[in-house]
Amino acid sequence: MAKLTVAVMFGGRSSEHSISCATAAGVFGSIDRNKYNVIPVGITRDGVFVPALDSVDHWALSDGPLPVVEFEGSRLDFAMDGSRQLFVIDAAGSRTLHANIDVVFPVLHGPFGEDGTMQGFLELAGLPYVGNGVFASAAGMDKEFSKALFLQAGVPATPHVVIRQHDWLADPESALEAVRGLGGVPLFVKPARAGSSVGVSKVKRMSEFAAAVALGLEHDTKVVVERGLVGREVECAVLSSLDGGPARVSVAGEIVVTGREFYDFEAKYRDEAAVDLIIPAVLSAEELAEMQRLARKAFEALGGFGLARVDFFLTADGFLINEINTMPGFTRLSMYPSLWGATGIEYADLIDQLIQLGLTAKR
Ligand SMILES: Nc1ncnc2c1ncn2[C@@H]1O[C@H](COP(=O)(O)OP(=O)(O)O)[C@@H](O)[C@H]1O
Ligand SMILES: [Mg+2]
């Protein structure tokens, strides 16, 4: 079979820029080079598409500075005429063909990557791509609307209220009244559309609430306020089936955080000692089956395609969904690939299956 050319798109305009670079490093290191030509497509923090190194070491997270995609004079330019051509424009402005792309693997997290905007761009360009489509990506990014869809599908979600910036500024007392209905502290306040725990606060005293809302509103025009739950943080991985049947769901994993209030940005990326990923999570057969059923339902509720990680809290009242991630962390050590590894699909095979799904996508 002829080799396929895969554009691996990474970096981007979100606060998860460097995490995306690390994911790209994982893909560069493991993708089957006998089957695929790899074309790295870096996206700078300003959103400029640039040629980038096909290197594991350059993009992996290390003790040094975080990896960042930089503009160095040349830009990449996707044809918008359905020809699937990728051009390079050099510093002098001359435009030449760089590659003919068969499929794009957008390993982008957060806004402008995981939220449907890039998916819309790829649809317009007529480029096949890996993962969720426009709607599922947009819905999954938005903690207000994804919760509404989960609840409608019968997937229990954390009790919450949404506060919009203009309502908060105009009438904070009404917002506080709604928040009191959640039953008091602790509360979690989050920007509705972010990720990596950026802008998330745990509020233990109501005197801290206004500052938490203000922080959340630095990242979005609305915040979600949730009842602070006591329970275990458990996650599973969803992968569409190659034969078009129901999506597959992995075994569960558990996140155990010690010495920090919650699974915040530091715990996720900088304080390895604070976090244990337990795979598989210790659950009864009934609990696992229930969690897998809910994960599939949540994925279907959004019209998911390709992949997602679905995160729950296991509380005394059973499973409550926290969120869905439509492009979860995907380095070799990340939860999503590790869950599939424990379920019998190795990293390189997982990349292969995702690309095959992307090529034949019927979203
Ligand atoms: N309602 C809640 N109760 C208890 N802990 C929570 C709650 N919401 C979030 N957390 C903690 O905060 C972390 C980040 O919240 P999350 O909603 O997953 O944001 P992000 O989309 O940035 O990952 C979670 O992994 C969990 O540790
Ligand atoms: Mg999360």
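Let's start at Lys190, which is found in strand E9, a run covering residues 187–191. Keep in mind as you look around that this is a predicted model.

Is Lys190 buried or exposed? Lys190 has a relative accessible area of 7%, and because buried means under 20%, this lysine counts as buried. So what does its side chain meet there? One polar contact, at 3.0 Å, goes to the side chain of Glu226. The side chain of Asn322 provides another polar contact, at 3.1 Å. If you set aside the neighbours within four places in sequence, the residues in contact with Lys190 are Lys143, Gly199, Val200, Lys222, Val223, Val224, Glu226 and Asn322.

From here we can move on to strands E15 and E16. Strand E16 spans residues 318–325 and pairs with E15 in the antiparallel sense, over seven bridges. A hairpin joins E15 to E16, and two residues make the connection. To find your place in this pairing, look at Leu314, whose bridge partner in E16 is Phe319.

E15 also pairs with strand E12, which takes in residues 232–239. Eight bridges join E12 and E15, and these strands run antiparallel as well. Here Leu314 is a handy marker once more, since Arg232 stands opposite Leu314 in E15.

How many of the nine residues of E15 are buried? Nine of the nine residues in this strand, residues 307–315, are buried, so E15 is largely enclosed by the rest of the structure. In a regular strand, side chains alternate between the two faces of the sheet. It is therefore worth checking each side of E15 in turn, and both faces turn out to be covered. On one side sit Leu307, Arg309, Asp311, Phe313 and Thr315, all buried. On the other side, Ala308, Val310, Phe312 and Leu314 are all buried too.

Our last stop is a cavity. The structure holds one cavity of 30 Å³ or more, and the space in the largest cavity comes to about 40 Å³. Which residues line the largest cavity? The lining is made up of Gly113, Glu114, Gln119, Val130, Gly131, Asn132, Ser137, Thr326 and Met327. Sorted by class, this lining has six polar residues, two nonpolar and one charged.

Methods
Residues numbered from 1 in each chain as written. Chains lettered and ligands numbered in written order. Predicted model: local features only at pLDDT ≥ 70, side-chain atom pairs only at ≥ 80, totals over all residues. Heavy atoms only, no water. 1 Å grid on protein atoms, 1.4 Å probe; cavity = no way out; pocket = protein on both sides within 12 Å on 5 of 7 lines; lining within 4 Å. Points joined across faces, edges and corners; volume = space filled by probe spheres on them. Nonpolar A, V, L, I, M, F, W, Y, C, P; charged D, E, K, R; others polar. Buried < 20%, exposed > 50% of the residue type's maximum accessible area, 1.4 Å probe, protein only. Helix = DSSP H or I, 4+ residues; strand = E, 2+ residues; numbered from the N terminus. Pairing = 2+ DSSP bridges. Polar contact = N/O pair within 3.5 Å; in protein donor to acceptor, adjacent residues only side chain to side chain. Contact = heavy atoms within 4.5 Å.
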